[in-house]
Amino acid sequence: MDYILNNLHFIVTHVPIALLIFSFVFDIIAMIMKKREWHSAGMLCLVVGALGAVAAVMTGPSPWRNPLVVPHEFYAKLTMLAAIVLAVVRVGLLIWKKKDAGRHPMYLIGSLAAVILVSYTGHLGGQMVHRPMPVMAPGSGVGQAPGGQGEPNGQGPGAQGAKGPVASPAASSSVPSNK
C-alpha cells in the first residue's frame, strides 16, 4: 500500500494525458463521420480527464527533488485550468442551452491547446523520471548516459560515471602501449 501512495502521481498522471487527447480525437471523428455519440464520448473523456488533471496536480512531486519540477508544475496547472474551463463550458452549454460545444471551432481550438499542454507537461515529467538513451560510438559498444533517474540531464551519477568520463575504444587504440 505504501508503494501505491508513494507513487500515486505516476499512476494518476496518465489519466489526463490519455483522456484529454482522446476527447479531442473523438470530437474530430464525430465531426468527420457525423456521429453525435462520438461527441458524448469526447465529453465524457474531457470531464474524467479534467478530474484526472486535478488529481495529478494534487499528487505531484515536490520541487526539492528536481529543478525541472518547477516548469513541469507550471504547465500541469495550466493544463488543469484549461481542462476545467473546457469541461465547465461544455457541460454548462449542454445543460443550459442543450448545445454540444464539441463541434464548435473555438472549442476545438481550446481542446487542441489542452492536448498540446498535456503533451508538453508529460514530456517535462518524462524528462525528470526517465534517463536518456546512452550515446554510443558506432561499433564501440560503449556508451554513457547523461543524468540519472529523477535528476536533471548532466548532473546525475551517470553524467561522469563513478571514475570520470569513459573514453571510447577508438580513442584509446591510438595511444601506444608499453607492453
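Two residues count as being in contact here when heavy atoms of theirs lie within 4.5 Å. By that yardstick, and setting aside neighbours within four places in sequence, Ala76 is in contact with Val57 and Thr121. This is a predicted model, so everything below describes a computed structure.

**The overall layout**

The protein chain has seven helices and two strands. Following the sequence, they come in the order α-α-α-α-α-α-β-β-α. Of the 179 residues in the protein chain, 30% are buried. If you take the contacts between residues at least 6 apart in sequence, 59% of them join residues at least 24 apart.

**Three helices and their lengths**

A quick sanity check on a helix is to set its expected span, at 1.5 Å a residue, beside the distance between its end C-alpha atoms. Here is how that works out for helices 3, 4 and 5.

| Helix | Residues in helix | Expected span | End C-alpha distance |
|---|---|---|---|
| Helix 3 | 20 residues | 28 Å | 28 Å |
| Helix 4 | 23 residues | 33 Å | 34 Å |
| Helix 5 | 29 residues | 42 Å | 41 Å |

The two values agree for helix 3, for helix 4 and for helix 5.

**Helix 3 and its buried side**

Which residues of helix 3 are buried? They are Pro16, Leu19, Leu20, Ser23, Phe24, Phe26, Asp27 and Ala30. Because they cover an arc of only 155° around the axis, they sit on the same side of helix 3. The general background is that an α-helix has 3.6 residues a turn, so residues three or four places apart point the same way. As for what they pack against, the buried residues of helix 3 meet helix 2 (8-12), helix 4 (36-58), helix 5 (69-97) and helix 6 (105-129).

Let's take helix 4 as a partner. The axes of helix 3 and helix 4 come within 7 Å and cross at roughly 160°. With angles over 145 degrees counting as roughly antiparallel, that makes helix 3 roughly antiparallel to helix 4. The crossing of these two, helix 3 and helix 4, is left-handed. On the helix 3 side, the residues making the contact include Val15, Phe22, Ile29 and Met31, while helix 4 brings in Trp38, His39, Ala41 and Val48, among others.

Helix 6 is another partner. Helix 3 and helix 6 pack at an angle of about 150°, with their axes 9 Å apart. That makes helix 3 roughly antiparallel to helix 6 too, and the crossing of helix 3 and helix 6 is left-handed. Among the residues that meet here are Ile17, Ile21, Phe24 and Ile28 in helix 3, and Leu108, Leu112, Val115 and Val118 in helix 6.

Ser23 is worth a closer look. Ser23 has its place in helix 3, and it counts as buried because its relative accessibility is 1%, where the cut-off for buried is under 20%. Leaving out residues up to four places away in sequence, Ser23 touches Gly42, Cys45, Leu46, Arg90 and Tyr107.

**The turn after helix 3**

What kind of phi does Lys34, the residue following helix 3, have? Its phi is positive, near 55°. Most residues other than glycine have a negative phi, and Lys34 has its positive value although it is not a glycine. Lys34 lies in the loop between helix 3 and helix 4. Is Lys34 buried or exposed? At 72% relative accessibility, Lys34 counts as exposed.

Helix 5 ends in a similar way to look at: Lys98 follows helix 5, and the phi of Lys98 is positive, near 55°.

**Helices 4 and 5**

Buried residues of helix 4 include His39, Met43, Cys45, Leu46 and several small ones by name, among them Gly42, Gly49, Gly52, Ala50, Ala53 and Ala56. Helix 2, helix 3, helix 5 and helix 6 are among what covers them.

In helix 5, the buried residues include Val69, His72, Thr79, Met80, Leu86 and Arg90. Their cover includes helix 2, helix 3, helix 4 and helix 6.

That brings us back to Ala76, which is found in helix 5. Ala76 is buried, with a relative accessible area of 17%. Ala76 and Tyr120 are 44 residues apart in sequence, yet 9.0 Å apart in space, C-alpha to C-alpha.

Terms used
Residues are numbered from 1 along each chain as its sequence is written. This is a predicted model: local features need pLDDT of at least 70, side-chain atom pairs count only at pLDDT 80 or more; totals for chains, interfaces and linings use all residues. Side-chain values use heavy atoms; hydrogens and water are left out. Helices (H or I, at least four residues) and strands (E, at least two) are DSSP runs, numbered from the N terminus. The expected span of a helix is 1.5 Å times one less than its number of residues. Buried means under 20% relative accessible area, exposed over 50%, partly exposed in between (1.4 Å probe, protein chains only). The arc is that of the directions from the helix axis to the C-beta atoms. Axes are lines fitted to C-alpha atoms, for helices over the stretch in contact, and angles run from 0 to 180 degrees between N-to-C directions. Angles under 35 degrees count as roughly parallel, over 145 as roughly antiparallel, 65 to 115 as roughly perpendicular and the rest as oblique. A crossing is left-handed if the near helix is turned anticlockwise from the far one by less than a right angle, and right-handed if clockwise.
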